[in-house]
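Student: I am new to this structure and would be grateful for a close look at one part of it, namely its salt bridges. Please place that part within the chain as well.

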Amino acid sequence: MRILEHIAQDIVDKTSEILQYPISITDNEGFIIGSTDKSRIGIFHKPSLEVIKRNTTVNCKSEIGSNVLPGISVPLKFNNKVIGVLGIVGDPKEVEKYVQLVKNQVEMMCQEAFRKEMNELKEKMVEVFVHQIIHFKEYEENEHILQYSKLLDFDFSENRVCLLVDINDLSHTISSKHGDTELFGDFQLQYFQREVLSFLNLIFHETQGDIVSFLNIERFIVLKTLPYQQSYSALIESLEERLEKINTFLSSKYRVSATISVGDICSSNTGVSESYKNAKKAMNVGVKTDSKKYIHVYNERDMMLRLLPKELTTDYQSKLFKVIHALIHHDNYDILAETFISYCKNNMKLSEASRNMYIHRNTIIYRLEKISEITSLNTSNFEHCMLLYTAIQCYEEYRESEKNQSSPIKKGEDILFKLYS
């Protein structure tokens, strides 16, 4: 058994230091795989085969032969099968009281190593499975996905939702001098992902159908089952408390924090893929529009409104820019635009807008009249307001993308050319 081979020498080194007796471990074929005398590793040890054959504790000198060193040998077992032999050299009366203790320790370590190996194998399967389903296309063959789902006991007919957990500013923390020297040395960075994954399992893994995995060093994914009618609303209500626990852990250990986004409810392999995409949209739009908020829940109508500027053609955007060309170049554009957007979000009600913006009602009226004067649009007319709202949102989207240099240069050049031509 290769697990025994991997840990044999480490066991021998640590145990012989305490017992002060020579120790050896052989595999089930009689080859020494761990020894106090390291020059013996790899040598065939025939007496071990006799111990394996008898499958019991053996006094080597009296029971095997005179040409064997005195001591006690015992078979090592895993799942009731002999996988090797432990031998302690010395006066049998002295070492006999230690051999069973060491045997139990070796067998426990084999069990633990096997459990760890199985967990790592399952994690790898989960990782592959998650990547397959979140990128699944409806026209693709799904036989391989169904095979993985059976192995992992993942029922696609169950209602579930996709959550994304993003680690904020991790790259910046790692690259900073403080983070590099104290928090993210070679060892801790190597195990950061595994530690966070283990903690997220504690927070989110509650039923057999729940899956927690990672997509990259900064993004983790949770596929959460929703077994009851109220499961989704209960999950949303609990997110603030869960995130607080996650951030307490991340802050105390790595001095970073997390943001969570939630997709929509799904119940098929294509549905999981869609929920993942919507969770990504919620994260991208949410972080961009409200950086102080750390939980972003996908809402289709809200997302459609927020994504509208990105979905319009370049030609249509340039036409909208011309509508508000004079407003864009006005000295008080930022104040006027902010006032108008707030007015719209308060259902075009002056009293509500005034109360929420903490400014006098007459101030809002003055600013709206100024906007009408500049743009020739009537801010009391719903259709005019809809056009103006979309135009301002498009311009703000363009301005933000230009600042972050995240939009294609050619698109920006096209818009500006059409705007100022």
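Tutor:
**The salt-bridge network and its setting**

A network of salt bridges links Glu206, Asp210, Lys224 and Arg242. The model in which this network appears is a predicted one.

One pair within the network can be followed in detail. Aspartate 210 forms a salt bridge with lysine 224, and their closest N and O atoms lie 2.8 Å apart. This pair links distant parts of the chain: aspartate 210 belongs to the loop between α8 (186–204) and β7 (211–216), while lysine 224 belongs to strand β8 (residues 219–225), and the two are 14 residues apart. Aspartate 210 and lysine 224 are both buried, a term that here stands for a relative accessible area under 20%.

The network may be set beside other salt bridges of the chain, for which the count comes to 19. One of them joins lysine 319 to aspartate 315, with 3.6 Å between the closest N and O atoms. Lysine 319 and aspartate 315 are separated by about one helical turn, because they stand four residues apart in helix α12 (residues 314–323). Aspartate 315 has a relative accessible area of 37%, so this residue is partly exposed.

A further salt bridge is formed by glutamate 158 and arginine 160, whose closest N and O atoms are 3.4 Å apart. The two partners differ in their surroundings. Glutamate 158 is partly exposed, at a relative accessible area of 33%, whereas arginine 160 is buried, at 2%.

The surface also offers a part of another kind. Phe31, Phe44 and Leu49 form a nonpolar patch there, and together they have about 250 Å² of accessible area. Within this patch, phenylalanine 44 is located in the loop between β2 (32–35) and α2 (46–54). Phenylalanine 44 has a relative accessible area of 40% and is therefore partly exposed.

These details may now be placed in the whole chain. The chain contains 18 helices and ten strands. Of its 421 residues, 43% are buried. The area that the chain exposes is about 24,100 Å², and carbon and sulfur atoms supply 50% of that area. Among the contacts between residues at least 6 apart in sequence, 58% join residues at least 24 apart.

To return to the part requested: the network of salt bridges links Glu206, Asp210, Lys224 and Arg242, and within it aspartate 210 and lysine 224 are both buried.

Notes:
Residues numbered from 1 in each chain as written. Predicted model: local features only at pLDDT ≥ 70, side-chain atom pairs only at ≥ 80, totals over all residues. Heavy atoms only, no water. Patch = residues over 30% accessible without salt bridge, like charges linked within 9 Å, V, L, I, M, F, W, Y side chains within 5 Å. Areas by Shrake-Rupley, 256 points an atom, 1.4 Å probe, with all protein chains shown as cover. Salt bridge = Lys/Arg side-chain N within 4 Å of Asp/Glu carboxyl O. Buried < 20%, exposed > 50% of the residue type's maximum accessible area, 1.4 Å probe, protein only. Contact = heavy atoms within 4.5 Å.
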